[in-house]
Amino acid sequence: MNDLAVEVKGLSVRFGDFYAVNGISFTVRRGETFGFLGANGAGKTTTIRVLCGLLRPSEGLVSVGGISFDHNEQAVKAKVGYMSQKFTLYNDMTVEENLNFTASLRKMEKATYEQRRKELFDFISFDKPLNTLVRDLSGGTKQQVSLAAALLHDPEIIFLDEPTAGVTPASRSRFWQLIRQLAKRNKTVFVTTHYMDEAEQCDRIALMREGRIIALDSPEGLKTAAFSTPMLEFDPRGSLSFAEVSAFARHDVFLFFEPYGLRFHAAIKSEDAWETVRNGFEKNFTIKRIKPSLEDVFIQIVEGKAG
Ligand SMILES: Nc1ncnc2c1ncn2[C@@H]1O[C@H](COP(=O)(O)OP(=O)(O)OP(=O)(O)O)[C@@H](O)[C@H]1O
Ligand SMILES: [Mg+2]
C-alpha cells in the first residue's frame, strides 16, 4: 500500500492572471500531522480546496489517499474530511440537525451514522442535549462539533483550515489534544494555523508565501537549518532609547538583532563572536543562550527570501 496520504507535484491554481498557488510540490505521509503556515493570502486555503476536490488545479498532479483525482474523484472525496476556514455549522439549527444534514450529504446509512455520532460525541466529550442550537454553543465547542461533522464518515485524511482561529487558549489546547488522538489512530491531519505553539506540535511544517512553499521540514529541522550559529536573548537591564537599540543592532557580530516582546533575540555570526558580545553588551543586558523559537525561524526565512 502506498505510504503517502497526499502527493502534490507542480500544483498551480490561477484565478485569471493571478497565481494563488504557484508550482508547489510536497508529500504527506500516512499518519503524519502536517502543518501549513503562511501570511494571509499565501495560498493555504486554495491548496486545501484542491486537495479536497472542491477546486480544479490549473496545472500539476495531485493524488490523495493513493488515488489521483483524474481517476476517481468520488473515491478521493470519501477518504477526506474537511473543516473549512469559514464556519461550517448552521447556527440556527440544532447540533443534531447539523449532523443529520452532514450525514445526508455523505449518504450515510442511519445505523452507521448513529453509531458514528455516538463515538464522535464520546471522542469530543460532548455533554449537551442534542437539540441545543449551535448558536448557543461556546466557540470552542462549536469547533469541536465541526470537527465531529468532518469526521462523521471516518475519513483517512482530515483537512482542518484554521480550526482554532478565534477560540480561547484553553479551547485551542483541547482541540490539539483531539488532533493528537487522531494522529495516534493513524489518521493523517493536514492543518493550517497562525499559532506558533500549534505549529510546534506538527511532525512537519510547510511555510507558504505568495503561492510558493519556501520552507518545509520538522520544527527541529527548520531550527537547525535556519540557525547553525548561536542564538542569544538580550534582556535590557534598564530602559534603552531607540537610538541605543539601533546602534546595538548594527554591530557587525550579529546576523540579526530583533525585538522579541520586551527583550531582543539575536544570532551571532560564529562561536568566536560570543566573547566580543559578552564584553561589549553585558553592561546593558542580561544575555543568555537560547534555542531559537519557530517564530525566530520564520522571521529569518521570510526576511531571507524577501525582496
Ligand atoms: N475564487 C477566487 N478568485 C480570485 N482570487 C482568489 C479566489 N480564491 C482565492 N483567491 C486569492 O488567492 C490568494 C490566496 O488565497 P487563500 O485563501 O488560498 O489564502 P490563505 O493562505 O488561505 O489566506 P488566509 O490566511 O487569509 O486564510 C489570495 O490573494 C486570494 O485573494
Ligand atoms: Mg485561508
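Trainee: Which residue of β5 stands opposite valine 64?

Mentor: The residue opposite valine 64 is isoleucine 67. Please note that this is a predicted model, in which local features need pLDDT of at least 70, side-chain atom pairs count only at pLDDT 80 or more, and totals for chains, interfaces and linings use all residues. Residues are numbered from 1 along each chain as its sequence is written, while chains are lettered from A and ligands numbered from 1 in the order in which they are written.

Trainee: What makes β4 and β5 a pair of strands?

Mentor: Two bridges join strand β4 (residues 59-64) to β5. Pairing requires that DSSP find at least two bridges between two strands, so β4 and β5 meet the criterion. The two run antiparallel. The strands themselves are DSSP runs of E with at least two residues, and helices are runs of H or I with at least four, both numbered from the N terminus.

Trainee: Why are β2 and β5 called edge strands?

Mentor: The open sheet has the order β2-β1-β4-β5, with antiparallel pairing. β2 and β5 (67-68) each have a single partner strand, so one side of each is left without a neighbour in the sheet.

Trainee: How do you know that β1 pairs with both β2 and β4?

Mentor: Nine bridges connect strand β1 (residues 4-15) with strand β2 (residues 18-29) in the antiparallel sense, and five bridges join β1 to β4, also antiparallel. Valine 8 stands opposite phenylalanine 26 in β2, and lysine 9 has leucine 61 in β4 as its bridge partner. β1 and β2 form a hairpin with two residues between them, and glycine 16 in the turn has a positive phi of about 65°.

Trainee: Which strands stand at the edges of the sheet β12-β13-β11-β14?

Mentor: That open sheet of four strands is antiparallel, and its edge strands are β12 (254-260) and β14 (285-290), each pairing on one side only. Neighbouring strands are turned by 25° against each other on average, direction ignored. Helix α10 (residues 273-281) packs on this sheet, touching β11 (231-236), β13 and β14, and its direction makes about 155° with that of β14. Such angles run from 0 to 180 degrees between N-to-C directions, with axes as lines fitted to C-alpha atoms, for helices over the stretch in contact. β12 and β13 (residues 263-268) share six bridges, and proline 259 has phenylalanine 264 in β13 as its bridge partner.

Trainee: Why is threonine 141 classed as it is, buried or exposed?

Mentor: Threonine 141, which lies in helix α5, has 21 C-beta neighbours inside 10 Å. A residue is buried if 20 or more other C-beta atoms lie within 10 Å of its own, exposed if 12 or fewer, and partly exposed in between, with C-beta atoms placed from the backbone. Threonine 141 therefore counts as buried. Across the chain, buried residues make up 35% of the 307 residues.

Trainee: What makes a set of residues a nonpolar core, and which helix gives the most to the largest one?

Mentor: A nonpolar core joins buried Ala, Val, Leu, Ile, Met, Phe, Trp, Tyr and Cys residues through C-beta atoms within 7 Å. The largest has 59 residues, and those touching the most other members include Val6, Leu51, Phe159 and Leu207. Helix α5 (residues 139-151) gives the most, with six residues. Apart from this core lies another of ten residues, among them Met231 and Phe285.

Trainee: Which residues are in contact with leucine 207, leaving aside its neighbours within four places in sequence?

Mentor: The partners of leucine 207 are Leu37, Gly38, Ile213, Ile214, Ala215, Phe298 and Ile301. Contact means that the C-beta atoms of two residues, placed from the backbone, lie within 7 Å.

Trainee: What makes a residue part of the shell around ligand 1?

Mentor: The C-beta atom, placed from the backbone, must lie within 6 Å of the ligand. The shell includes Phe15, Gly38, Asn40, Lys44, Thr45 and Gln85, and helix α1 (residues 44-51) gives the most, with three residues.
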